[in-house]
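Q: Could you take me through one part of this model slowly, showing how its helices and strands pack together? I am in my first year, so please spell out each step.

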Amino acid sequence: MATIDGLPPLREVIATHGLSARKALGQNFLLDLNLTAKIARQAGDLTGMDVLEVGPGPGGLTRGLLAEGARRVLAVEKDPRCLPALAEIADAYPGRLDVVEGDALAINPLDRLTPPIAICANLPYNVGTELLVRWLTPKAWPPVWDSLTLMFQKEVAQRIVAKPGDKAYGRLAVLAQWRCDAQIVLHLPPEAFTPPPKVSSAVVHLRALPAPRFEADPKVLERVVAAGFNQRRKMLRASLKGLSPDIEDHLTAVGIAPTERAERVSVEGFCALARRLG
Ligand code: SAM
C-alpha cells in the first residue's frame with residue numbers, strides 16, 4: 001500500500017528489519033502515519049525549525065515531523081537495530097535527518113541543533129520524566145528550545161498540567177507551569193500502539209515562556225517545593241520547618257496559612273515564599 005511519503009508502511013519496515021518490540025527499551029510503536037502526522041502537528045508550525053526527537057524507533061513520528069516541514073530532525077535512538085530503517089528515511093529526505101545512536105540520558109543532543117528548536121518525542125516511559133525535568137531546568141531561561149511535545153503515560157501527563165487542589169498536583173506541575181504554558185493536546189488509548197502498553201497515554205505540549213511567570217531563584221524554589229511535597233499530607237508549618245525556624249512568620253507574610261498543605265498552594269504562592277526565604 002502506498003504512503004504519503006513513498007516509503008513503505010511501518011508494518012513492512014518492522015518486518016523487513018526484524019524490529020520485534022523490546023520491553024526493556026520501552027518499545028511501543030506507533031504504526032499509523034496519520035496519527036504520527038497528527039502528533040507532529042501538535043508541535044506547531046515546524047517550517048524553519050530544528051527538531052530533536054528521542055527514540056525514533058522504526059521512524060513513524062520521524063516521518064511525521066519531516067512531512068510536516070521540519071527544517072532538520074536530529075533523532076537519538078538507543079537500539080542499533082533501528083538504524084537501517086532510519087537510514088532509509090534519511091535517504092528519502094536528503095540533508096534533513098541525522099540519526100545519533102546512543103542513550104539520550106548520556107548525551108546532550110541539543111548542542112548540535114540551531115534555534116529555533118522544537119523537541120518532539122514518543123518517549124520511552126522509563127526515561128520520559130527524567131528527560132522532561134532536565135529540559136525544564138536548564139542553566140538559563142529562556143531555554144534553547146521553544147516547545148516540547150511529548151507522549152507520556154496518562155497519569156504523568158496529568159501531573160504536568162495539574163492545578164492546585166488536584167490530586168495530581170505536585171513538583172512536576174510547579175516545575176512545568178512556572179516557566180511554561182502546559183496542556184494535554186491528545187489522548188491515546190493503549191490500542192494505538194504496537195504492542196499495546198498496559199496504560200493509556202497522552203501528548204503534552206509545553207511552550208517556554210520568555211521569562212518565568214513569577215520571579216524566584218530556581219534553587220530556592222526547588223527546595224521549597226521539594227520539602228512541601230515530600231510530606232504532602234503535612235501542614236506547611238511542619239513540612240517546611242527544616243527551611244527556616246521562623247517558617248510560620250514567612251508563610252503568613254506571603255499570605256499562605258501555616259496550616260495549609262502544599263497541594264493547595266499556587267505556583268505564585270511557592271514563588272513568593274521562595275523570594276522571601278531566598
Ligand atoms: N518513536 C517511535 C514511535 O512512536 O513508534 C518509538 C517510540 S518507543 C515508545 C520508544 C523508543 O525509544 C524506542 O525506539 C526505544 O528503543 C528508544 N529508547 C529507549 N530508551 C532510550 C534512550 N535512553 N535513549 C534513546 N532512545 C531510547
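A: What follows begins with one helix and its surroundings, and then turns to other parts of the chain.

The model is a predicted one, and a good place to start is helix 4, which spans residues 83–92. Within helix 4, the residues Ala 85, Leu 86, Ile 89 and Ala 90 are buried. These four cover an arc of only 145° around the axis, so they sit on the same side of helix 4. The cover over the buried residues of helix 4 includes helix 1 (10–17), helix 3 (60–67), strand 3 (72–77) and strand 4.

Strand 4, made of residues 97–101, contains Val 99. Leaving aside residues up to four places away in sequence, Val 99 touches Ala 75, Leu 83 and Leu 86, and Leu 86 is one of the buried residues of helix 4. Is Val 99 itself buried or exposed? Val 99 is partly exposed, because its relative accessible area is 32%, and a residue counts as buried only under 20% and as exposed over 50%. For a sense of distance, the C-alpha atom of Val 99 is separated by 52 Å from that of Ala 257, a residue 158 places away along the chain.

Following the chain on from strand 4, the loop between strand 4 and strand 5 (117–122) holds Pro 116, which is joined to Pro 115 by a cis peptide bond with omega of about 0°. Another cis peptide bond links Thr 194 to Pro 195, with omega of about -10°, and Pro 195 is placed in the loop between strand 8 (193–194) and strand 9.

Strand 9 (201–208) also belongs to the surroundings of helix 6, whose buried residues pack against helix 5 (125–136), strand 6 (145–153), helix 7 (171–179) and strand 7 (180–188) as well. The buried residues in helix 6, which runs over residues 154–161, are Val 156, Ala 157, Ile 160 and Val 161. They span an arc of only 130° around the axis, and therefore lie on the same side of helix 6.

Lastly, there is a pair of helices to consider. Helix 8 (residues 218–230) packs with helix 11 (residues 267–277) at an angle of about 120°, their axes being 9 Å apart, which means that helix 8 is oblique to helix 11. Their crossing is right-handed. Helix 8 contributes Val 220, Leu 221, Val 224, Val 225 and Phe 229 to the contact, while helix 11 contributes Phe 270, Cys 271, Leu 273, Ala 274 and Leu 277. Of the residues in this contact, ten are nonpolar, none is polar and none is charged.

Notes
Residues are numbered from 1 along each chain as its sequence is written. This is a predicted model: local features need pLDDT of at least 70, side-chain atom pairs count only at pLDDT 80 or more; totals for chains, interfaces and linings use all residues. Side-chain values use heavy atoms; hydrogens and water are left out. Axes are lines fitted to C-alpha atoms, for helices over the stretch in contact, and angles run from 0 to 180 degrees between N-to-C directions. Helices (H or I, at least four residues) and strands (E, at least two) are DSSP runs, numbered from the N terminus. Angles under 35 degrees count as roughly parallel, over 145 as roughly antiparallel, 65 to 115 as roughly perpendicular and the rest as oblique. A crossing is left-handed if the near helix is turned anticlockwise from the far one by less than a right angle, and right-handed if clockwise. Contact means heavy atoms within 4.5 Å. Ala, Val, Leu, Ile, Met, Phe, Trp, Tyr, Cys and Pro count as nonpolar, Asp, Glu, Lys and Arg as charged, and the others, Gly among them, as polar. Buried means under 20% relative accessible area, exposed over 50%, partly exposed in between (1.4 Å probe, protein chains only). The arc is that of the directions from the helix axis to the C-beta atoms.
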